[in-house]
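I opened my notebook for a fresh look at pockets, surface and charged pairs. Here is what I looked up, in the order I took it.

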Amino acid sequence: MKLLDRYLMAQFAKNLALVICSLIAIYLLVDFFERMDNFLEAKKTIGLAIKYLLLKLPFMYAQLIPVCILLAGVITLGILNQHFEFMALMASGISVIRIIRPLLAAAALFTLLTLAIGQWVLPATTAATNRIWYEEVNKQIPKGIIRDGRTYFRGAEGIFSFVRPNPGKNEFLNFSFAAYDGERGLTTLLTAESATWADGAWQLTNGQQKTRTDNGAFSVTLFQTLTPAFAEAPEEFFVPPYKIEEISYSKLLRQAMDSKASHNESRVEFHRRFSYAFLGIPLLLLGIPVLLAVHKTKGRDLALAIPVSCGLAFAAWGGWSATQSLAKTATLPPGIASWSIHLLTIGIGCFLLKKYNR
């Protein structure tokens, strides 16, 4: 690695650490004062609140890293320009693309670090913070759980298990219902390829019903359609939306691949999280030529370059968030919704960099 590369990467890492520590400190301060009343009303200790905030640090890092990568790159290049180092490099025949290459490499390394945190650290810390905030502080005990893409719910008469490809529709796949007696002995087992809820009634399709007889044996009845009188409606199959945030990348990908539906919650969440982790690199590619344009027209002062870069980041984040809403409503495929902003931003950034590289 050349001296120039090491120098630029070290400057980028130093500036990134400064930016992310500053933003996390602000995040912690705001979050502390916003949530402290809830902890006190629930008669929880200050120690639990501090534990909650410390466990939330990986989440804060993952949320802030795209903007921090942009700001670190802008500050690094801005300081080079302010100290005439950038001009000296250009005068010696080094192109703009060659100068920013170490910055992009450093941004890629921190993006990989973010992915590692999302895979091995974030699921456990998010589960702990969700338990503290929702269950201990707000007393919201979930009625159902998700395991390996299946929802399990304990109803008044038995246990339901199913796959729900689209949370917005009352359609369920691989549906089963098991009822037990007081000694936890199985009395009824209903299984079906699919189940639907419409007009206040359940309808099961292509399944079988096992019922325990008086002598302890089971009678089996096959059916094409069945309308059971379950006590529960789909709205009672409450699994908190935040539970999917506790799943790692690998589990989300496995659930997305196992599902036969082209649009499902796991696939949407996987693309959402994975694309957000990579958002910093496109922002940096677009932010650098914008910085050069600001410096060329307004001088070397960073006082204007940084607000412009922040506005750029919020614009890209807003576009990305809008496409995520379209993905959740199945208006756009998750892949297109999650990565279209990246491709657009990279395309514009490369075009502008080529212009300044001449």
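**Pockets first**

I began with the second largest pocket, where helix 9 supplies the largest share of the lining, 6 residues. A reminder to myself before going on: this is a predicted model.

Helix 9 spans 302-328, and helix 7 is the other element that gives two or more residues to this lining. I noted a volume of about 470 Å³ for the second largest pocket. Its lining comes to 20 residues, and those nearest the centre are Val-268, Glu-269, Arg-272, Gln-324 and Lys-328. I then sorted the lining of the second largest pocket by character and got 7 nonpolar, 8 polar and 5 charged residues.

Next I turned to the largest pocket, with a volume of about 710 Å³. I found 28 residues lining the largest pocket, and the closest to its centre are Gly-149, Thr-151, Val-163, Arg-164 and Pro-165. Which elements give two or more residues to this lining? I listed three strands, namely strand 2 (150-154), strand 3 (159-163) and strand 4 (171-180), along with helix 6 (249-258) and helix 7 (265-277). Helix 7 also turned up in my entry for the second largest pocket. By character, the lining of the largest pocket splits into 13 nonpolar, 7 polar and 8 charged residues.

**A nonpolar patch**

I moved on to the surface. There I found a nonpolar patch formed by Leu-40, Ile-46, Ile-50 and Leu-54, with about 370 Å² of accessible area together. Which element gives the most to the patch? I traced 3 of its residues to helix 2, which covers residues 46-55. I picked out Ile-46, a residue of helix 2, for a check on exposure. With a relative accessible area of 42%, Ile-46 is partly exposed, because that value falls between the 20% and 50% cut-offs.

**Salt bridges**

Now for the charges. Side chains of opposite charge can pair when their charged atoms come close. I counted 8 salt bridges in the model, and I kept notes on some of them.

I started with Arg-35 and Asp-31, whose closest N and O atoms are 2.8 Å apart. Both residues sit in helix 1 (residues 3-41), with their positions 4 residues apart in the numbering, about one turn of the helix. Are they buried or exposed? I have both Arg-35 and Asp-31 down as buried.

Asp-31 has another partner: its side chain meets that of Lys-56 in a salt bridge, at 3.0 Å from N to O. Asp-31 belongs to helix 1 and Lys-56 to the loop between helix 2 and helix 3 (57-82), so this pair ties together parts that are 25 residues apart in sequence. I checked the exposure of each residue. Asp-31 counts as buried at 4% relative accessibility, and Lys-56 counts as buried at 8%. Putting these pairs together, I recorded Asp-31, Arg-35 and Lys-56 as linked in a network of salt bridges.

My last entry is the salt bridge between the side chains of Arg-131 and Glu-136, at 2.3 Å from N to O. Are these two residues buried or partly exposed? Arg-131 is partly exposed at 35% relative accessibility, and Glu-136 is partly exposed with a relative accessible area of 23%.

Technical notes
Residues numbered from 1 in each chain as written. Predicted model: local features only at pLDDT ≥ 70, side-chain atom pairs only at ≥ 80, totals over all residues. Heavy atoms only, no water. 1 Å grid on protein atoms, 1.4 Å probe; cavity = no way out; pocket = protein on both sides within 12 Å on 5 of 7 lines; lining within 4 Å. Points joined across faces, edges and corners; volume = space filled by probe spheres on them. Nonpolar A, V, L, I, M, F, W, Y, C, P; charged D, E, K, R; others polar. Patch = residues over 30% accessible without salt bridge, like charges linked within 9 Å, V, L, I, M, F, W, Y side chains within 5 Å. Areas by Shrake-Rupley, 256 points an atom, 1.4 Å probe, with all protein chains shown as cover. Salt bridge = Lys/Arg side-chain N within 4 Å of Asp/Glu carboxyl O. Buried < 20%, exposed > 50% of the residue type's maximum accessible area, 1.4 Å probe, protein only.
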